[in-house]
Amino acid sequence: MIPSTVFLAAAGASMAISATLKCIGKDKSALFVGQWAAPFLLLGIYNKLVKTEGHD
């Protein structure tokens, strides 16, 4: 199973990439990539819940 920290790192990376895209003027791409953070965080929470509850 994937460690929950991988999802946290993916969310952080998507925010950093989004900020970089915004700085270079690619506003639509920045918004698109920036919206990936929430699903990554939700997947991390789900992954953590599955691990702690013992279900798969």
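The following is a conversation between a student and a tutor about a predicted model of one protein chain.

Student: Before we start, what rules does this predicted model come with?

Tutor: Residues are numbered from 1 along each chain as its sequence is written, and side-chain values use heavy atoms, with hydrogens and water left out. Because this is a predicted model, local features need pLDDT of at least 70 and side-chain atom pairs count only at pLDDT 80 or more, while totals for chains, interfaces and linings use all residues.

Student: How do you know what confidence the predictor has in the protein chain?

Tutor: Look at pLDDT, the predictor's confidence in each residue, from 0 to 100. The mean for the protein chain is 91, and 96% of its residues reach 70 or more. Among the elements, α2 has the highest mean, 95, and α3 the lowest, 90.

Student: What makes up the pattern along the sequence?

Tutor: The pattern reads α-α-α, with 3 helices and 0 strands. Helices (H or I, at least four residues) and strands (E, at least two) are DSSP runs, numbered from the N terminus.

Student: Why is the protein chain called more spread out than a compact globule?

Tutor: Set its radius of gyration against the globule rule. The radius is taken over C-alpha atoms, and the rule is 2.2 Å times the number of residues to the power 0.38. For 56 residues the rule gives 10 Å, whereas the protein chain has 14 Å, well over that value, so it is called more spread out. Along the principal axes, the C-alpha atoms fill a box of roughly 45 × 15 × 10 Å.

Student: Why is Ser18 called buried?

Tutor: Buried means under 20% relative accessible area, exposed over 50%, and partly exposed in between (1.4 Å probe, protein chains only). Ser18 has 13%, which is under the 20% cut-off, so it counts as buried. This residue sits in helix α1.

Student: Which residues does Ser18 touch, not counting those up to four places away in sequence?

Tutor: Ser18 touches Ala30, Val33 and Gly34. Contact means heavy atoms within 4.5 Å.

Student: What makes Ser4 count as buried?

Tutor: Its relative accessibility is 17%, under the 20% limit, so Ser4 counts as buried. Ser4 also belongs to helix α1. Leaving aside neighbours within four places in sequence, Ser4 is in contact with Gly44, Asn47, Lys48 and Lys51.

Student: And Lys48: why is it called partly exposed?

Tutor: Lys48 has a relative accessible area of 47%, which lies between 20% and 50%, so partly exposed is the right label. Lys48 is in helix α3. Its C-alpha atom is 9.7 Å from that of Thr5, and the two residues are 43 residues apart along the chain.

Student: What puts Met1 in the exposed class?

Tutor: Met1 reaches 62%, over the 50% cut-off, so it is exposed. Met1 lies in the segment before α1. Met1 and Lys22 are 21 residues apart in sequence and 34 Å apart in space, C-alpha to C-alpha.

Student: How do you know that the span of α1 is close to the expected one?

Tutor: The expected span is 1.5 Å times one less than the number of residues. Helix α1 (residues 4-23) has 20 residues, for which 28 Å is expected, and it reaches 29 Å from first C-alpha to last. For α3, with 17 residues, the reach is 24 Å and the expected value is 24 Å.

Student: How do you know that the buried residues of α1 line one face?

Tutor: Ser4, Phe7, Ala11, Ser14, Ser18 and Leu21 are buried in α1. Seen down the helix axis, these residues fall within an arc of 110 degrees, so they line one face. The arc is that of the directions from the helix axis to the C-beta atoms. The face turned away carries the exposed residues Thr5, Leu8 and Cys23. Cover for the buried residues of α1 includes α2 (27-34) and α3 (37-53).

Student: What about the buried residues of α3?

Tutor: They are Ala37, Gly44, Asn47 and Val50. Their arc is within 155 degrees, so they line one face of α3. On the other side, Leu42, Tyr46, Thr52 and Glu53 are exposed. What covers the buried residues of α3 includes α1 and α2.
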